[in-house]
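These are my notebook entries from a session spent looking through one protein model. I wrote down each thing I looked up and what I found.

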Amino acid sequence: MIVPRRALILGAGAAGLARTFSLRRSFAASETREYLLAVRTATVNLTGNGYPDTAVWAYEGSVPGPVLQVRQGQPVQITVVNKFNEDTTVHWHGIRLPNAMDGVPGLTQKPIRPGESFVYEFTPPDAGTFWYHPHVDTLQQLGRGLAGALIVEEPEPVAVDRDLLWLIEDWRLDDRGRIAGGFGNRMEAGMSGRIGNTVTINGRVAEKVSVKAGERVGLRLVNAALARIVGLRFEDHKPVVVAHDGQPCEPHLPEGGRVVLGPAMRADLILDMTGKPGQTYRVIDDFYQDLAYKLVDLAYDGKPAREPRSEPPQQLPANPLPEPQIAAAERLEIALQGGMMGGMGMMCGDGATWTMNGMSMTGDGQSMPPLFAIKRGKSCVLALRNETAWWHPMHLHGHSFRVVSRNGKPNPGKEWRDTVLVPPRESADLAFVADHPGDWMFHCHVTDHQEAGMMAVIRIT
Ligand code: C2O
Ligand code: CU
């Protein structure tokens with residue numbers, strides 16, 4: 001059963017103030033930062049007053065999981081304890097790390113069995129907004145609540161009055177507040193994936209976020225949804241994008257005034273509170289035509305905080321990414337195929353719904369030969385061609401890439417990303433240096449698509 005997408009219970013009877021994750025800088029950068037993450041079941045309230053609680057799967061029993069914070073270049077050690085009745089792993093999405101720490105079962109590690117634990121250790125080379133999630137039975141484990149933010153702090157604090165995090169999740173709840181079943185049904189998997197009916201910010205349907213006129217807010221957005229793409233408009237405000245997927249870019253206004261994030265994508269914004277004291281301004285998600293809804297209100301305090309700043313937001317210091325040599329790069333063509341094509345027909349047979357170059361890796365995808373093998377240190381261009389009628393946010397593990405062109409035209413900013421959203425029938429060229437040896441996943445982050453074949457391994461030797 002597909003729950004009508006219009007049945008959004010957003011806002012109605014919501015708890016009022018959004019749960020804010022105000023980020024404070026952590027201390028000493030020299031010693032190893034240690035965290036413990038127990039994977040378990042929990043009961044939380046996602047929707048606020050008047051709605052029932054929801055049984056979830058959660059890191060440390062909270063949705064989203066705890067915000068992990070480290071300094072750039074600070075070693076971190078995270079012990080994941082599986083107190084749950086299914087195997088799991090944790091993938092540190094976007095972090096450039098040794099292959100053995102990447103959290104892919106059967107490829108980079110053995111799954112963490114119930115009752116067992118695994119210690120992840122790495123030193124994040126890049127400052128920015130990252131996140132973590134399971135890579136086993138991902139559709140259910142992520143869809144039932146296992147996700148959290150991983151913030152890597154810049155060595156020097158960014159000049160903002162407040163640093164806020166909005167981790168966005170999308171849930172399909174029934175009228176008793178339970179997570180609806182039917183994960184991975186074939187019909188949905190061949191279309192846009194499992195889009196829910198309830199969108200939360202930091203684990204709560206949010207009514208408003210309190211702000212003050214004159215404030216400069218750093219807003220870190222994480223789209224942790226299974227399938228929902230968001231397109232956020234900040235009514236009468238001008239958010240400036242300063243990073244994509246944790247990687248600094250030239251500060252710019254979002255295209256068309258809208259911040260578009262596919263599943264797994266992040267954006268760091270500088271948002272100057274230029275509204276009037278006492279006023280309320282909407283943040284709207286209108287990515288899907290006819291399905292626009294208000295995500296949250298920016299509610300201004302009666303008194304301004306300060307005079308508005310006149311200086312424009314500064315560019316963040318660059319991360320130490322290896323620069324690909326485009327002219328000498330090896331070009332690897334990847335065709336994305338499959339899915340529903342308007343009629344009811346599916347493009348490929350045998351259980352798989354999607355393919356990459358005609359191959360399908362399904363489920364958690366352990367046992368497939370690599371799509372490509374690349375020599376370590378080589379520059380390569382992944383030339384993606386989306387031949388389907390659907391959007392695909394394509395994610396490469398362990399590396400960030402430059403989006404050098406789209407549809408054959410040079411991409412002006414050539415921004416760095418770890419996940420690129422490729423619209424239907426469009427193409428994108430991604431350039432990177434294959435500098436970390438190992439087997440790395442490259443897959444669509446619409447989780448239904450990933451599990452129904454849109455997944456491959458790239459081997460770096
Ligand atoms: Cu966030 Cu393999 O993914
Ligand atoms: Cu996809």
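The entries below go from the domains to a metal site and then to a single histidine.

**Entry 1: the domains.** I kept in mind that this is a predicted model, and I began with how the chain is divided. I found domain 1 at residues 11–153, domain 2 at 162–300 and domain 3 at 326–460. I then looked at where domain 1 meets domain 3, and I noted that 22 residues from domain 1 and 23 residues from domain 3 take part in the contact.

**Entry 2: the interface.** How much area is buried between domain 1 and domain 3? I wrote down about 1700 Å², with carbon and sulfur atoms giving 55% of that area. On the side of domain 1, I noted that Arg96, Leu107 and Leu139 supply 31% of the area it buries against domain 3, more than any other three residues. I looked for salt bridges between the two domains and the count was zero, whereas the search for polar contacts across this interface gave 13 residue pairs. The elements of domain 1 that give two or more residues to this side are β6 (91–93), β8 (128–133) and α1 (138–143), and α1 gives the most, with three residues.

**Entry 3: leucine 107.** I returned to one of the three residues named above and placed leucine 107 in the loop between β6 and β7 (117–122). Is leucine 107 buried or exposed? I recorded it as buried, because its relative accessible area is 18% and the cut-off for buried is under 20%.

**Entry 4: the copper ion.** Which protein atoms are the donors of the copper ion (ligand 2)? I listed ND1 of His392, SG of Cys444 and ND1 of His449, which lie 2.0 to 2.1 Å from the ion. Along the chain these donors follow the spacing H-x51-C-x4-H. Histidine 392 belongs to strand β26 (residues 392–396) and cysteine 444 to strand β32 (residues 438–444), so that this pair, 52 residues apart, links distant parts of the chain. I also noted that histidine 392 and cysteine 444 are both buried.

**Entry 5: histidine 443.** Last, I looked at histidine 443, which also lies in strand β32, and I marked it as buried because its relative accessible area is 0%. Its side chain makes a polar contact of 3.4 Å with the side chain of histidine 135 and another, of 3.3 Å, with that of histidine 397. Beyond its sequence neighbours up to four places away, the residues that histidine 443 touches include Pro393, Met394, Gln450 and Met454.

Methods: Residues are numbered from 1 along each chain as its sequence is written. Chains are lettered from A and ligands numbered from 1 in the order in which they are written. This is a predicted model: local features need pLDDT of at least 70, side-chain atom pairs count only at pLDDT 80 or more; totals for chains, interfaces and linings use all residues. Side-chain values use heavy atoms; hydrogens and water are left out. Donors are N, O and S atoms within 2.8 Å of the metal (3.2 Å for Na, K and Ca); water is not among the atoms, so sites may look incomplete. Helices (H or I, at least four residues) and strands (E, at least two) are DSSP runs, numbered from the N terminus. Buried means under 20% relative accessible area, exposed over 50%, partly exposed in between (1.4 Å probe, protein chains only). Domain bounds come from an automatic or database domain assignment. Contact means heavy atoms within 4.5 Å. Buried area is the accessible area (1.4 Å probe) that two parts lose on being put together, summed over both. A salt bridge is a side-chain nitrogen of Lys or Arg within 4 Å of a carboxyl oxygen of Asp or Glu. A polar contact is a pair of N or O atoms within 3.5 Å; within protein, one must be able to donate a hydrogen and the other to accept it, and residues adjacent in sequence count only if both atoms are side-chain atoms.
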